[in-house]
Amino acid sequence: MIEHKWFQGHKILEVRPKGKFTAEDFHQLASQVDPVIREQGRIQGLLIDAQDFAGWENFVAMITHFRFVHDHQRHIQRIAVVSDNPVLSFMPHLVCHFISAEVRPFTLSEKKQALEWLENPG
């Protein structure tokens with residue numbers, strides 16, 4: 001399951017995985033995100049609260065996740081990854097080579113700063 005909530009009138013989206021990702025999670029998330037992208041052209045910021053990230057239910061879920069990222073990343077200006085997991089905190093340094101959004105890691109205690117960074121794209 002992926003919990004989500006919008007800030008600043010659909011300019012910033014916070015997502016928070018709960019349990020292992022399923023393929024259906026990304027179909028449901030797309031049904032919330034795609035209309036906003038069609039209306040606004042992009043999302044200013046994405047905050048990924050990864051404190052409960054538990055991986056994927058199966059290979060299909062992982063591929064669906066990667067396809068979702070591929071299809072949506074060009075419509076997002078900035079991505080903040082919030083986690084104390086050292087592997088996930090390194091992830092932004094890897095993905096910045098494959099996506100157009102500016103990506104930055106934050107610790108759980110820096111979640112407020114992450115949201116502020118997304119709110120002020122510079």
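**Entry 1: H72 and what touches it**

Contact, as I use the word here, means heavy atoms within 4.5 Å. I am working on a predicted model, so pLDDT cut-offs apply to the local features I look up.

I started with H72, which sits in helix 2. Is H72 buried or exposed? Its relative accessibility is 10%, so I put H72 down as buried. Buried means under 20% relative accessible area.

Next I asked which residues H72 touches once those up to four places away in sequence are left out. My list reads A30, V33, D34 and I37. D34 deserves a second mention, since its side chain and that of H72 are joined by a polar contact of 2.5 Å.

**Entry 2: the nonpolar cores**

I then looked up the largest nonpolar core, which has 19 residues. Which members touch the most other members? I found L29 and I79 in that position. Strand 2, helix 1, strand 4 and strand 6 each contribute at least two residues to this core. Helix 1 gives the largest share, with six residues.

I followed L29 a little further. Setting aside neighbours within four places in sequence, I find L29 in contact with I2, H4, L13, V15 and F68. There is also another core, lying apart from the largest one and made of nine residues. A80, V82, W117 and L118 are among them.

**Entry 3: helix 4**

Two names from that other core, W117 and L118, led me to helix 4, which spans residues 111–119. I noted A114, L115, W117 and L118 as buried there. How wide is the arc that holds the buried residues of helix 4, seen down its axis? They fall within an arc of 160°, so I can say that they line one face of the helix.

I also checked what covers those buried residues. The cover includes strand 1 (2–7), strand 2 (12–17), strand 4 (43–49), strand 6 (76–82) and strand 7 (102–106).

**Entry 4: aromatic rings**

My next search was for ring pairs, with ring centres within 6.5 Å as the cut-off. The count comes to six aromatic pairs. One of them is F26 with F68, a tilted pair with 5.7 Å from centre to centre and 45° between the planes. This pair links distant parts of the chain, 42 residues apart: F26 belongs to helix 1 (residues 23–40) and F68 to helix 2 (residues 59–72). F26 has a relative accessibility of 4% and therefore counts as buried. F68 is buried too, at 15%.

I set F53 and W56 beside that pair: they meet edge-to-face, with 5.5 Å between centres and 85° between planes. Are these two rings' residues buried or partly exposed? F53 comes out as partly exposed, with a relative accessible area of 28%, and W56 is partly exposed at 28% relative accessibility.

Following the ring pairs from residue to residue, I get a cluster of F21, F26, F53, W56, F66 and F68.

**Entry 5: salt bridges**

How many salt bridges does a search of the whole structure find? My search gives seven.

I took E14 as my way in. E14 is buried, with a relative accessible area of 7%. Its salt bridge with K5 has the closest N and O atoms 4.0 Å apart, which sits right at the 4 Å cut-off. K5 itself is partly exposed, at 45% relative accessibility.

E14 also meets K111 in a salt bridge, this time at 2.7 Å, N to O. Why do I call this pair a tie between separate parts? E14 lies in strand 2 and K111 in helix 4, so parts 97 residues apart in sequence are brought together. K111 counts as partly exposed, at 26%.

I looked up E102 and R78 as well, whose side chains meet in a salt bridge of 3.1 Å, N to O. E102 is in strand 7 and R78 in strand 6, so this pair ties together parts 24 residues apart in sequence. I have R78 as buried at 9% relative accessibility, whereas E102 is partly exposed at 41%.

Last item for today: a network of salt bridges links K5, E14, R16, K18, D49, D52 and K111.

Conventions: Residues numbered from 1 in each chain as written. Predicted model: local features only at pLDDT ≥ 70, side-chain atom pairs only at ≥ 80, totals over all residues. Heavy atoms only, no water. Phe/Tyr/Trp six-rings, centres within 6.5 Å; stacked < 30°, edge-to-face > 60°. Helix = DSSP H or I, 4+ residues; strand = E, 2+ residues; numbered from the N terminus. Buried < 20%, exposed > 50% of the residue type's maximum accessible area, 1.4 Å probe, protein only. Arc of directions from axis to C-beta. Core = buried A, V, L, I, M, F, W, Y, C linked by side-chain atoms within 4.5 Å. Polar contact = N/O pair within 3.5 Å; in protein donor to acceptor, adjacent residues only side chain to side chain.
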